[in-house]
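Colleague: I am new to this structure and should be grateful for a close look at a single part of it. Please begin with the pocket and follow the connections from there.

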Amino acid sequence: MPTGNPDVLLRTEGRAGFVTLNRPRAINALTHPMVLAVDRALTEWEHDPAVTTVVIEGAGERGLCAGGDIRAIHEDARAGGSASVAFWRDEYRLNARIARYPKPYVALMDGIVMGGGVGVSAHGSVRVVTERSRVAMPETGIGFVPDVGGTHLLGRAPGELGTHLALTGLAVGAADALLTGLADHFVPAAALPALVADLTRLPAAEAVARHAAEPPAGVLGEQRAWIDACYGAPDVETVVDRLFDTGVPAAKEAATTLLTKAPTALKATLAAVRRARALTCLEEVLDLEFRASCAALATADLVEGIRAQVVDKDRNPRWTPPTLAEVTDAGLARYLAVPPGGDLGLAAAPAAAPTAFPDRDARGEA
């Protein structure tokens, strides 16, 4: 089943359809054509009775997907273009589609899985991590707000764990991905080839159960007391103060990390995660994330953040404004404004339905 796109390889084997993201030198970072190619494959396989399971994986040894192609976003933002907005429209629609896909959608979240990589994996019905997995939504470090349904996922994590991950951009391993609801099963990396073979001949749930194991210990469970106490604060400034005041070295480290992130993005992210908790379905959250993404595209912080982290790699971004105290209500209000090209409108679409994973087990069994 060719796509005409060498960056997305498709094949069917036995009862499974396989999507392989194929930009290993870029850790399979997503481009707009890649999103469209994946969507076309899902359309064809949804109506193909011979395909009962869909599997997404990444080429190379480094990870499933490092996120969207932020160099392209950087160039678009500098030029004042609209290519990123068009990309996000289709990417977020794909994220919503994955969440309600009627067949088991197995995401092999091996290695680095960040940003857009979370969007094409963590909304699936069967999400597998390994000891090599590093899962994160690191957007505040580039002056952006977690998107691709990230605030939906993190807003539903136990206590304030999701808030901690959203604000710091911390990458977590397998056990903590399971704890926070970003994944479902741990499978040792050495067992992935056998799992893939079993997915071609067995129901997805049965195939995964044959290889699932206990993950190496995580850290968030032991840190939950101070995370819940600090991140339950009413604003980011108070979060930082509480983290510094705990006397816990890991909390102080988190506070120091927060002070390196974009102040406006931090405040917009805290509001977004809390807003996502109050919404009933993923589509509603994606609609709001689309507004926030479009707003961020017009800010100096996104260009500067990508420059500092990815382009020049000096790791010394100059944020505008530079401090939390200088972030204004007007500066935050733009993240809720309707974009010039109009809203995404996913929640209003006839196909939209609540996607807080009520049917995850059922889809995993097919």
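The largest pocket and its surroundings

Modeller: The largest pocket encloses about 970 Å³ of space. Its lining is made up of 38 residues, and those closest to its centre are Ala66, Gly68, Ile70, Ile142 and Val310. The model is a predicted one, in which local features need pLDDT of at least 70 and side-chain atom pairs count only at pLDDT 80 or more, while totals for chains, interfaces and linings use all residues. Residues are numbered from 1 along each chain as its sequence is written, and side-chain values use heavy atoms, with hydrogens and water left out.

A pocket is found on a 1 Å grid over the protein atoms alone, as an open set of points with protein on both sides within 12 Å along at least five of seven lines; a cavity is a set where a 1.4 Å probe fits but cannot get out, and lining residues have an atom within 4 Å of a point. Grid points are joined across faces, edges and corners, and a volume is the space filled by probe spheres set on the points.

The pocket lining divides into 19 nonpolar, 9 polar and 10 charged residues (Ala, Val, Leu, Ile, Met, Phe, Trp, Tyr, Cys and Pro count as nonpolar, Asp, Glu, Lys and Arg as charged, and the others, Gly among them, as polar). At least two lining residues come from each of helix 2 (70–79), helix 3 (83–99), strand 6 (112–114) and helix 15 (300–311); helices (H or I, at least four residues) and strands (E, at least two) are DSSP runs, numbered from the N terminus. Helix 15 gives the most, with 4 residues.

Helix 15 therefore merits a closer look. Its buried residues (under 20% relative accessible area with a 1.4 Å probe and protein chains only, where exposed is over 50% and partly exposed in between) are Asp301, Leu302, Glu304, Gly305, Ile306, Arg307, Ala308 and Val310. The cover over these residues includes helix 2, helix 13 and helix 14 (282–297). Lysine 313, which follows helix 15, has a positive phi near 60 degrees. In the loop between helix 15 and helix 16 (329–333) lies proline 321, and the peptide bond that joins threonine 320 to proline 321 is cis, with omega near -5 degrees.

Helix 13 (residues 263–278) holds lysine 267, which is buried at a relative accessible area of 16%. Its side chain reaches the backbone oxygen of leucine 324 at 3.2 Å. Beyond residues up to four places away in sequence, lysine 267 touches Val236, Glu237, Leu324, Val327 and Leu332, contact being heavy atoms within 4.5 Å.

Elsewhere, the search finds 1 cavity of 30 Å³ or more. Its volume is about 40 Å³, and it is lined by Val135, Ala136, Met137, Leu154, Leu165, Leu170 and Leu182. This lining has 7 nonpolar residues, no polar and no charged. Val135 is also among the residues with the most contacts inside the largest nonpolar core, which has 89 residues (a core is a set of buried Ala, Val, Leu, Ile, Met, Phe, Trp, Tyr and Cys residues joined through side-chain atoms within 4.5 Å). Apart from this core lies another, of 17 residues, including Val55 and Leu108.

Terms used:
A polar contact is a pair of N or O atoms within 3.5 Å; within protein, one must be able to donate a hydrogen and the other to accept it, and residues adjacent in sequence count only if both atoms are side-chain atoms.
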